[in-house]
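Welcome! Please open your viewer and get ready to select a few residues and helices one after another.

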Amino acid sequence: MLGKILSLFASVILLVGCSSNAPDIRAICLRDDIGNYVIKWETDPVMEGIVKMTVSDNPDLFTNEAPIIYANIKDGVATYITNDNISRKYFRLSFNDKYARIIGARSAVMDSVQNFRDLGGYTSTNGKTVKWGKVFRSGELSSLSEWDSIRLDNLGIKTIIDLRTNQETLTAPIKYTKANILQIPISVGKIADAPQRVIEGRMRKGDAGVYMEDEYLQFVTDNTDQFAKVLEQFQNEDNYPILISCSYGKDRTGFLTAMLLAALDIPRDAIMEDYLTSNQYIDTSHLADIVKHLSTDAQESITVFLTANEGLMDLAFHKIKKEYGSTEKYLSKGLRLTDKKRERLKDILLY
């Protein structure tokens with residue numbers, strides 16, 4: 001099981017010592033049910049010795065203070081116990097003082113924000129890795145708790161890119177004032193009528209599926225120019241850290257994130273894994289009182305709308321191939337990411 005998890009969420013970040021016989025070291029950081037950080041690793045070949053861990057609130061700044069954890073490399077796991085759920089922690093792992101990795105937890109603790117995640121840790125096809133703490137993704141920020149506002153402060157978020165429509169932002173404006181908020185609306189087409197159809201009992205599971213398919217196709221056919229405008233913001237290093245946000249951080253944010261990762265040469269399976277991870281971090285409990293009064297058809301429709309479906313992202317990629325010939329051509333022609341701009345992205349976002 002650990003091997004499977006590590007292969008999916010490989011978070012190999014920084015290699016110290018570039019010899020050709022350097023071991024393959026994979027590490028992940030998870031949060032347990034009470035908020036502690038559980039750090040797991042594997043080495044190939046199996047190594048003997050000691051792994052030392054230091055902790056920081058800033059993934060770009062680790063002090064020379066004494067490590068907070070010493071562990072036997074063969075143990076493969078260690079836990080950092082903390083009652084601090086306000087600041088976000090990153091860890092530097094040093095294996096026998098020779099090979100180092102910087103890792104963080106994919107998710108961040110939030111009380112009032114759905115699906116909040118860090119995009120750091122994904123490894124590109126040429127062995128470089130997305131930096132931690134640079135790009136985050138989430139659902140809407142219209143009901144921020146006081147603690148969540150402090151958490152955003154601690155993350156140093158400078159730019160929030162809101163992909164919701166004008167109507168959505170008028171109904172539920174972002175309640176955070178310490179970042180530059182850029183609204184670049186992505187239209188949702190027919191799906192805007194879906195809530196009323198669900199309430200009126202005029203929506204079935206199959207209808208919901210068609211609505212979602214239309215939305216993902218429209219990302220490519222109708223919204224490419226808007227997505228290109230969003231990605232232009234990633235060219236300015238002063239905009240970071242950046243938070244991408246929409247209603248649940250799943251569809252519009254999911255497609256944009258997929259394109260950003262593709263531009264960084266992250267493999268398709270990792271892109272899909274990131275997309276599907278929304279299913280772990282969308283909490284529908286707030287809908288319980290509403291859903292229980294609806295018909296079975298309505299409940300099934302809502303489930304479709306709130307689920308990240310691999311088939312939908314595949315549909316978008318197939319549409320890209322049909323319209324542009326390849327994802328690479330879509331990035332360059334559709335999203336206006338020239339070779340120079342892609343190299344700029346990689347310089348900013350990859351170790």
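This tour visits two strands, two cysteines and a few helices.

Before you start, keep in mind that the model is predicted.

**Stop 1: a glycine in a strand.** Select glycine 104, which you will find in strand S7, residues 99-104. Is glycine 104 buried or exposed? With a relative accessibility of 2%, under the 20% cut-off, glycine 104 counts as buried. Now show what surrounds it: apart from neighbours within four places in sequence, glycine 104 is in contact with Cys29, Lys89, Tyr90 and Trp132. For a sense of distance, add threonine 171 to your selection. The two residues are 67 apart in sequence, and their C-alpha atoms are 34 Å apart in space.

**Stop 2: two cysteines.** From glycine 104, step across to its contact Cys29. Cysteine 29 is buried, with a relative accessible area of 5%. Next, pick cysteine 246, which is also buried, at 1% relative accessibility. How many disulfides does the structure hold? The count is 0. In general, a disulfide is a covalent bond between the sulfur atoms of two cysteines.

**Stop 3: a threonine in another strand.** Move to threonine 54 in strand S3, which covers residues 50-56. Threonine 54 counts as buried, because its relative accessibility of 14% is under 20%. Leaving out neighbours within four places in sequence, threonine 54 is in contact with Phe62, Glu65, Ala66, Pro67, Ile68, Tyr90, Phe91 and Arg92. You may recognise Tyr90 from the first stop, where it was listed among the contacts of glycine 104.

**Stop 4: helix H5.** Select residues 205-221, the 17 residues of helix H5. At 1.5 Å a residue, H5 should span 24 Å, and its end C-alpha atoms are indeed 24 Å apart. Which residues of H5 are buried? Colour Ala208, Tyr211, Met212, Glu215, Tyr216, Gln218, Phe219 and Val220 to see them. As you look along the helix, remember that an α-helix has 3.6 residues a turn, so residues three or four places apart point the same way.

**Stop 5: a pair of helices.** Finally, select helix H7 (residues 252-263) together with helix H8 (residues 268-276). Their axes are 10 Å apart and the helices pack at an angle of about 155°. That angle is over 145 degrees, so H7 is roughly antiparallel to H8. The crossing of H7 and H8 is right-handed. To see where they meet, show Gly254, Thr257, Ala258, Leu261 and Ala262 in H7, along with Ile271, Asp274 and Tyr275 in H8.

Definitions and conventions: Residues numbered from 1 in each chain as written. Predicted model: local features only at pLDDT ≥ 70, side-chain atom pairs only at ≥ 80, totals over all residues. Heavy atoms only, no water. Disulfide = S-S within 2.5 Å. Buried < 20%, exposed > 50% of the residue type's maximum accessible area, 1.4 Å probe, protein only. Helix = DSSP H or I, 4+ residues; strand = E, 2+ residues; numbered from the N terminus. Expected span 1.5 Å × (residues − 1). Axes fitted to C-alpha atoms, helices over the stretch in contact; angles between N-to-C directions. Parallel < 35°, antiparallel > 145°, perpendicular 65-115°, else oblique. Left-handed = near helix turned anticlockwise from the far one by under 90°. Contact = heavy atoms within 4.5 Å.
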